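Hello,

Here is the structure I promised to pass on. Please open it first, then read my notes below.

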Amino acid sequence: MANTAVADTGPGLSQAQLAARYGLSVAGKRPTLAAYTRQLWSYRHFIAAYANAKVLASYSTARLGRIWQVLTPLTNAAVYYLIFGVILGTRNGVPNFIAYLCVGLFVYNFTSAAVSGGVQAVSGQLGLIRALHFPRACLPLAVTLTQFQHLLSAMVVLVGIVLVTGEPLTVEWLLVPPAILLQSIFNAGLALGLARLGAKMTDLKQLMPFVLRTWMYGSGVLYSVDKFTENLDNPILVNLVHANPLLVYIELIRHALLEDSPLTSAAPTLWLYAVGWALLVGVGGYIYFWRGEQEYGRG
Amino acid sequence: MAELTNTVPASVATINGERIPTVIVDDVHVIYRVHGAGTAGANSPASALKRLVSRAPAPTVREVHAVKGVTFTAYRGEAIGLIGSNGSGKSTLLRTIAGLLPTNKGAVYTQGQPSLLGVNAALLNDLSGERNAALGCLAMGMTPEQVKQKVPEIIEFSGINERGDFGSLPMRTYSSGMSARLRFAISSAKNHDVLLIDEALATGDRRFRRRSEQRVRELRAGAGTVFLVSHQIGTIRETCERTIWLESGVIRMDGPTPEVVEAYEAFMGGK
């Protein structure tokens, strides 16, 4: 019965030949990497608008609205100041422990939030994915951009804390933007990669809090990782601890903002690691996500 | 079937008397893999990690063969109704044409990018209708300038402001009919080469239904092809001149709407 549709367009043509004759393309075919990147670029306004919308939506039911964007890191810092600064009086051999702690915490939060957002970037937006056509990489990228906005307001708070605790304003502060940029690329790659994994394995969402907590303890947020290396005999393991990307980004920003913060590796080594991780995870995550492009609607 | 070949509707565009195909479906099979429905242990973090490591398929996966070898060609300017009982594979077929579900066998060829418009399309519920409209337009690939121009038109067409200024209220405050209208207004704001509509017209009130039928006709005049899935035979009769009847994932009949609908209604035991 269905053959009649072919018969009137010219006998002897198969469906595929008919498609080729009129220049039709296969539905849902994955574009080449270059074409995909171009598509993504033309959707940059959507990514920005979507990230903004997400920030707005997260505060839409709160009476104070976007003020929470600054209040959240401020409250966070206050809690840690209360416990570690006032009650415990922790120093850990670090001159300015409160500033040291806050840098670690805020930088860690940037990656942690991008990771937990990335896992759900595709699986949590199936409705949007099944309704409209756009390069799916927009979603995890928007997650990263949303968290980047949160980081910026956290950085304002951080600069206040660092200055109030008596750190001088130096030329080294200029190293903060490139460090954050590298971390953002790293986070984007991570969010992309995890978005594809999370789209297939919905259990991942439940596992992530544990993975993230382990990562936090391993990244010297609350204390220096020198404590680890004292207890590890194997030099390979020590190198592994030092190459931890999150540790690298935290150390770089500490190095830039704080005068006498102890470093686990020399600064040039840290920068090398930072660039390496950003490139590896950024590009790797992007390609990995692109390869699954046609599958995301399946859920 | 002869009628289909001989009486080409006036709305169908042609080149040298030949109709221009926009969607070619070639022996398409779609198989769903359904996860879950197993024991509680099968979904534990530990076993998920184990599957992650061993790349073994979940033991509870079951396969559902939803579309079994469907072949047809749709032409520019046509409005095609898709009918069939519940679970006959209509929505699956639409998603496959939209390129959202990969085929397991066969291929779908399309001109341009088909857009699926369904009632389950969820935008951001915490944002206002206007912001959602702007976001939807950007997601369809419009430029910010085009969006600025389109958003008032979309709000106007959806009619959500008829009972006061609802356009600036969050979408979670909308009734289901209102949000369905807004979604339809957003998706139909752009001239699509191929527009796939899944039961969307069934939700609005009588007035909105008339308006959306008018919009579907306009879209067809814009040389697009429209697919319409609906259980409301009346809507199919009014908007489509060709109808495909799908049953258990197989095409049972394909032809002019009156004939197919008559056979379908006879099959379903009248109204």
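In strand β9 of chain B, B:Leu228 is the bridge partner of B:Ile197. This is a predicted model, so please read everything here in that light. The strand pairing behind that contact is between β8(B), residues 194–198, and β9(B), residues 225–229. The two run in the parallel sense, over 5 bridges.

Strand β8(B) itself is worth a look. B:Ile197 and B:Leu195 point one way from the strand. B:Val194, B:Leu196 and B:Asp198 point the other way. Which of these are buried? All of them are. Because 5 of the 5 residues of β8(B) are buried, the strand is largely enclosed by the rest of the structure.

Now the charged pairs. Over all chains, the count comes to 8 salt bridges. Three of them follow, all in chain B.

Start with B:Arg242 and B:Glu78. Their side chains meet in a salt bridge, at 3.2 Å from N to O. B:Arg242 lies in strand β10 of chain B (residues 242–247), while B:Glu78 sits in the loop between β4 (62–75) and β5 (79–83), so the pair ties together parts that are 164 residues apart in sequence. Why do both count as buried? The cut-off is under 20% relative accessible area. B:Arg242 is at 2%, so it counts as buried. B:Glu78 is also at 2%, and therefore buried.

B:Arg242 has another partner, B:Asp254. In that salt bridge the closest N and O atoms are 2.9 Å apart. The pair links distant parts of the chain: B:Asp254 is in strand β11 (residues 250–256) and B:Arg242 in β10, 12 residues apart. B:Asp254 and B:Arg242 are both buried.

These contacts belong to a network. Its salt bridges link B:Arg19, B:Glu78, B:Arg242 and B:Asp254.

The last pair is B:Lys150 with B:Glu153. Their side chains form a salt bridge at 3.7 Å, N to O. Both are in helix α5 of chain B (residues 144–158); because they are 3 residues apart there, about one helical turn separates them. Are these two buried or partly exposed? B:Lys150 is partly exposed, with a relative accessible area of 23%. B:Glu153 is partly exposed as well, at 39%.

If you have the model open, B:Arg242 is a handy place to start, with its salt bridges to B:Glu78 and B:Asp254. Then turn to β8(B) and its parallel pairing with β9(B).

Best wishes

Notes: Residues numbered from 1 in each chain as written. Chains lettered and ligands numbered in written order. Predicted model: local features only at pLDDT ≥ 70, side-chain atom pairs only at ≥ 80, totals over all residues. Heavy atoms only, no water. Salt bridge = Lys/Arg side-chain N within 4 Å of Asp/Glu carboxyl O. Helix = DSSP H or I, 4+ residues; strand = E, 2+ residues; numbered from the N terminus. Buried < 20%, exposed > 50% of the residue type's maximum accessible area, 1.4 Å probe, protein only. Pairing = 2+ DSSP bridges.
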